[in-house]
Amino acid sequence: MAVRHRRTVLGAWLLAAVLLAAGLALFRADHTGSGEPAAVPCPDSALDCPGGTAGTPRPPASPSADASASPSASGTASPAPTPGAPSATPSKGPGGTPPATTACSSPGACGFPDARTTGPRIPLERHDTGNMSVKTDGTVIRGWDIRGSLDVYANDVTVIDSRITSANWWGINLRPGFSGLKVLHTTITAVPGKGPDNGGVNYAVSNMGVSSVEVGWCDISVFGNALSMGQGDLHDNYVHDIVAFRNLGGEWQHTDAVISGGGNKGRLTVRHNTLLNPVPVDRGATAAVGLFADTGVVSSVVVDRNWLAGGAYALYGGGPGATGIQVTDNVFSTQYHPAAGAYGAVTAWNAGGAGNLWRGNRMSDGRPVVPEPAP
């Protein structure tokens with residue numbers, strides 16, 4: 001009897017041990033899971049968002065009670081998810097840009113801005129404003145689908161998460177004597193053939209003053225000279241589908257994704273944008289980035305980590321007197337021309353100018369880009 005009792009007790013202990021082990025295994029599986037950790041939303045940072053971890057969406061914008069072009073106007077719109085970030089790319093270098101030996105097939109595939117990472121993040125409410133003047137300091141326009149243009153005679157105006165469809169000379173224009181304009185997460189476009197310059201439209205964002213303007217995460221198309229300014233912070237924008245037109249003088253309008261005429265009083269930073277100029281050379285194409293000494297010497301410009309394509313040359317570097325021009329880690333794309341521009345990747349580069357720097361620039365197929373010596 002004693003032996004039988006010991007065997008019964010031993011069997012019970014073994015059964016309890018097996019049940020305990022199974023329970024612990026189920027507990028661990030339930031609490032650890034087998035999937036990857038959830039993606040952390042990437043911040044609204046010029047350097048972190050498109051160049052960060054692939055597939056991590058930006059957090060949606062919060063609706064604003066101060067979305068107004070006048071004290072009595074009210075905003076609309078509840079947050080909506082942001083389209084997905086660019087797909088993952090092979091080994092990226094600093095700031096999310098592929099290293100110099102990596103070939104790039106397209107802007108979005110290689111971590112540069114495109115339609116998925118730019119433009120408004122929330123639903124929009126239509127506003128048929130026409131060509132509207134903004135004259136109240138601190139105005140915030142959020143969630144508006146504007147049929148018209150904005151002429152800014154005020155300080156610290158912000159246009160965010162909106163869309164502008166203009167038939168004016170510009171989409172947004174900052175007048176002389178005013179400062180602090182920000183244009184963020186906004187689509188700026190026009191209807192081809194409906195503009196005042198013999199059917200053309202000239203500037204998506206124009207800075208007529210001597211203060212800096214910030215333009216970030218914007219989707220910009222149609223305008224002949226999309227971003228026109230001597231000083232500003234242009235980052236994470238997608239400029240594309242520029243439309244050729246004959247201007248009032250009967251000539252093909254020169255077209256540039258970014259244009260600066262020189263004589264600037266402050267710094268112009270052009271960082272991590274996709275700048276496409278698909279216009280044929282015989283219809284006015286000039287550059288993806290045009291730094292021209294039209295109104296004075298070009299100085300203090302940073303052109304860093306952009307995707308540049310199209311134009312006669314993709315980059316005009318400022319000319320003989322240019323100083324303080326830093327051109328670093330840009331990708332010159334072959335999508336329109338084998339040499340990025342019809343005649344080459346870069347011209348008018350002043351290698352001997354004080355503070356001028358050329359480093360890490362390459363073609364989209366991986367070849368380094370080296371400027372030809374100035375004549």
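Q: What makes β10 and β13 a pair of strands?
A: Two strands pair if DSSP finds at least two bridges between them. Strand β10 (residues 214-216) and strand β13 (residues 232-235) are joined by 3 bridges. The rule asks for at least two, so they pair. They run parallel. In one of the bridges, Gly-216 is matched with His-235 of β13.

Q: What kind of model is this, and how are its residues numbered?
A: This is a predicted model, where local features need pLDDT of at least 70 and side-chain atom pairs count only at pLDDT 80 or more, while totals for chains, interfaces and linings use all residues. Residues are numbered from 1 along each chain as its sequence is written, and side-chain values use heavy atoms, with hydrogens and water left out.

Q: What counts as a strand, and how many does the protein chain have?
A: Strands are DSSP runs of E, at least two residues long, and helices are runs of H or I, at least four residues long; both are numbered from the N terminus. By that rule the protein chain has 26 strands and 1 helix.

Q: Which strands are the edges of the open sheet of 9 strands, and what makes them edges?
A: The order is β2-β4-β7-β10-β13-β16-β19-β22-β25, with parallel pairing. β2 (140-142) and β25 (357-359) each pair on one side only, and they are the edge strands. Neighbouring strands are turned by 5° against each other on average, direction ignored. Such angles lie between axes fitted to C-alpha atoms and run from 0 to 180 degrees between N-to-C directions.

Q: How do you know which strands pair with β17?
A: Count the bridges. Strand β14 (residues 238-242) shares 2 bridges with β17, in the parallel sense. Strand β20 (residues 307-310) shares 4 with β17, also parallel. Thr-274 of β17 takes part in both pairings: its partner in β14 is Tyr-238, and its partner in β20 is Trp-307.

Q: Why are both faces of β17 called covered?
A: Buried means under 20% relative accessible area, exposed means over 50%, and partly exposed is in between (1.4 Å probe, protein chains only). In β17 (residues 274-277), Thr-274 and Leu-276 on one side are buried, and so are Leu-275 and Asn-277 on the other. In a regular strand the side chains alternate between the two faces of the sheet. Across the protein chain, 51% of the 375 residues count as buried.

Q: Buried or partly exposed: which is Ser-149, and which is Gly-250?
A: Ser-149 has a relative accessible area of 1%, under the 20% limit, so it is buried. Ser-149 belongs to strand β3 (residues 144-152). Gly-250 is at 38%, between 20% and 50%, so it is partly exposed. Gly-250 lies in the loop between β14 and β15 (255-260). Its C-alpha atom is 8.2 Å from that of Asn-198, 52 residues apart along the chain.

Q: What is notable about phi of Asp-161 and Arg-305?
A: Phi is near 50° for Asp-161 and near 55° for Arg-305. Each is a positive value in a residue other than glycine. Asp-161 sits in the loop between β4 (158-160) and β5 (163-166). Arg-305 sits in the loop between β19 (299-304) and β20. Asp-161 has 0% relative accessible area, so it counts as buried. Arg-305 has 8%, so it counts as buried too.

Q: What makes a set of residues a nonpolar core?
A: The members are buried Ala, Val, Leu, Ile, Met, Phe, Trp, Tyr and Cys residues, joined through side-chain atoms within 4.5 Å. The largest core here has 59 residues. Among those touching the most other members are Ile-220, Val-215 and Phe-332. A second, separate core of 8 residues includes Cys-104, Cys-110, Leu-276 and Ala-309.

Q: Why is the pair of Tyr-313 and Tyr-316 called edge-to-face?
A: Rings of Phe, Tyr and Trp (its six-membered ring) pair if their centres lie within 6.5 Å; planes under 30 degrees apart are stacked, over 60 edge-to-face, and the rest tilted. These two centres are 5.7 Å apart, with 90° between the planes. The distance is within 6.5 Å and the angle is over 60, so the name fits. Tyr-313 is partly exposed at 21%, whereas Tyr-316 is buried at 18%. Both belong to one aromatic cluster with Phe-292 and Tyr-343.
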